[in-house]
Amino acid sequence: MNLLNIASDDLPESSLEQSMSAVAAAIADPSRVSMLCALMDGRAWTATELSAVAGIAPSTTSGHLSRLLSNGLILCLTQGRHRYYRLAGREIAGLLETLMGVTINHGTSAVSRTPRHLRHARTCYDHLAGEIAVKIYDFMQQEGWLEPGGAALTPAGKTHFLHLGAVLNPLSRRKACCACLDWSERRFHLGGDAGAALLTLFRQKAWIAITPGYREVTFTARGKIALQRQFGVMSL
């Protein structure tokens with residue numbers, strides 16, 4: 001999905017700039033930012049839930065949601081009489097993740113200012129990010145699970161994923177596997193369908209605990225054992 005909901009190659013420069021400005025303006029409101037950050041957990045939220053997390057009156061929520069919808073940042077899902085909202089796609093999550101990194105790490109210091117709980121482990125829409133994710137990626141590289149550059153799993157990597165129980169989607173339209181630059185670590189973690197499959201596995205096996213609406217990931221006692229056994233990674 002294009003962030004601007006329009007093919008940039010077909011736009012004159014002025015139209016592209018106007019579309020970019022519209023998207024930036026839609027993100028610029030603190031209430032809408034709160035909603036978008038909440039949706040980074042990958043779930044679908046109701047308007048009432050989003051108004052609560054943003055600290056605004058329900059009567060004003062529809063206007064904010066309409067602004068986000070019209071600029072292609074979120075989608076509205078209807079189920080029966082209920083409406084749910086979620087991010088429009090992984091590209092939007094990546095945009096927000098980048099903005100968070102720019103904001104939190106703004107300054108000249110070489111020392112990361114990312115909050116410790118987020119730097120250790122967090123979700124990035126549908127995959128794992130942070131120190132632990134970077135260490136897992138390094139392990140996969142060293143053990144030959146990944147093709148050079150992280151563009152795909154090797155046959156050995158696919159076998160290990162199968163043995164772990166991480167289910168890959170061969171029909172997925174997204175990248176099967178990719179190296180994502182982690183904004184807090186400035187190194188790579190695993191993205192694409194393989195990254196999503198791994199996070200799903202961690203959830204299914206109760207290796208991690210995630211509080212809805214928050215991106216912090218806490219590894220359970222079982223998860224810490226699995227991290228060390230499967231990936232040679234120690235977790236605090």
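The exercises below work through a predicted model of one protein chain, each with a stepwise solution.

Residues are numbered from 1 along each chain as its sequence is written. Because the model is predicted, local features need pLDDT of at least 70 and side-chain atom pairs count only at pLDDT 80 or more, while totals for chains, interfaces and linings use all residues, and side-chain values use heavy atoms, with hydrogens and water left out.

**Exercise 1. Confidence and overall make-up**

State the mean pLDDT of the chain, and find where pLDDT stays under 50.

Step 1. The mean pLDDT (the predictor's confidence in each residue, from 0 to 100) is 85 for the chain, and 86% of the residues reach 70 or more.

Step 2. Over residues 1-8 pLDDT stays under 50, and the model has 18 contacts beyond four places in sequence for them, a contact being heavy atoms within 4.5 Å. Residues 107-113 also stay under 50, with six such contacts in the model. Where pLDDT is low, the predicted coordinates should not be read in detail.

Step 3. The chain holds ten helices and eight strands, where helices (H or I, at least four residues) and strands (E, at least two) are DSSP runs numbered from the N terminus. Of its 236 residues, 42% count as buried; buried means under 20% relative accessible area, exposed over 50%, and partly exposed in between, with a 1.4 Å probe and protein chains only. Among contacts with a separation of 6 or more, 55% come from residues 24 or more positions apart.

**Exercise 2. The nonpolar cores**

Identify the residues with the most contacts inside the largest nonpolar core, and the elements that give two or more residues to this core.

Step 1. A nonpolar core is a set of buried Ala, Val, Leu, Ile, Met, Phe, Trp, Tyr and Cys residues joined through side-chain atoms within 4.5 Å. The largest one has 30 residues, and I136, M140, L198 and F231 have the most contacts inside it.

Step 2. Two or more residues of this core come from each of α7 (131-142), α8 (155-164), α9 (192-204), β8 (217-219) and α10 (221-231).

Step 3. Once neighbours within four places in sequence are set aside, I136 is in contact with L128, L198, F202, L227, F231 and V233.

Step 4. Another core, of 25 residues, lies apart from it and includes I56, L73, Y85 and I92. In soluble globular proteins, nonpolar side chains tend to be buried together.

**Exercise 3. Two helix pairs**

Classify how α3 and α4 are oriented to each other, then do likewise for α7 and α10.

Step 1. The axes are lines fitted to C-alpha atoms, for helices over the stretch in contact, and the angles run from 0 to 180 degrees between N-to-C directions. Angles under 35 degrees count as roughly parallel, over 145 as roughly antiparallel, 65 to 115 as roughly perpendicular and the rest as oblique.

Step 2. The axes of α3 (residues 47-54) and α4 (residues 58-70) come within 9 Å and cross at roughly 100°, and the two helices are therefore roughly perpendicular to each other. In this contact A47, L50 and S51 of α3 meet P58, T61 and L65 of α4.

Step 3. For α7 and α10, the axes come within 10 Å and cross at roughly 25°, so this pair is roughly parallel. I132, I136, F139 and M140 of α7 make the contact with L227, Q230 and F231 of α10.

**Exercise 4. Two residues with positive phi**

Describe the place and burial of Y125 and of A206.

Step 1. Y125 is found in the loop between β3 (122-124) and β4 (127-129), and its phi is near 65°, a positive value in a residue other than glycine.

Step 2. With a relative accessible area of 11%, Y125 is buried. Beyond its neighbours within four places in sequence, Y125 is in contact with M40, D41, G42, R86, L87, G89, R90 and A93. From Y125 to G89 the C-alpha distance is 8.8 Å, across 36 residues in sequence.

Step 3. A206, in the loop between α9 and β7 (208-210), has a positive phi of about 60° although it is not a glycine. Its relative accessibility is 33%, so A206 counts as partly exposed.
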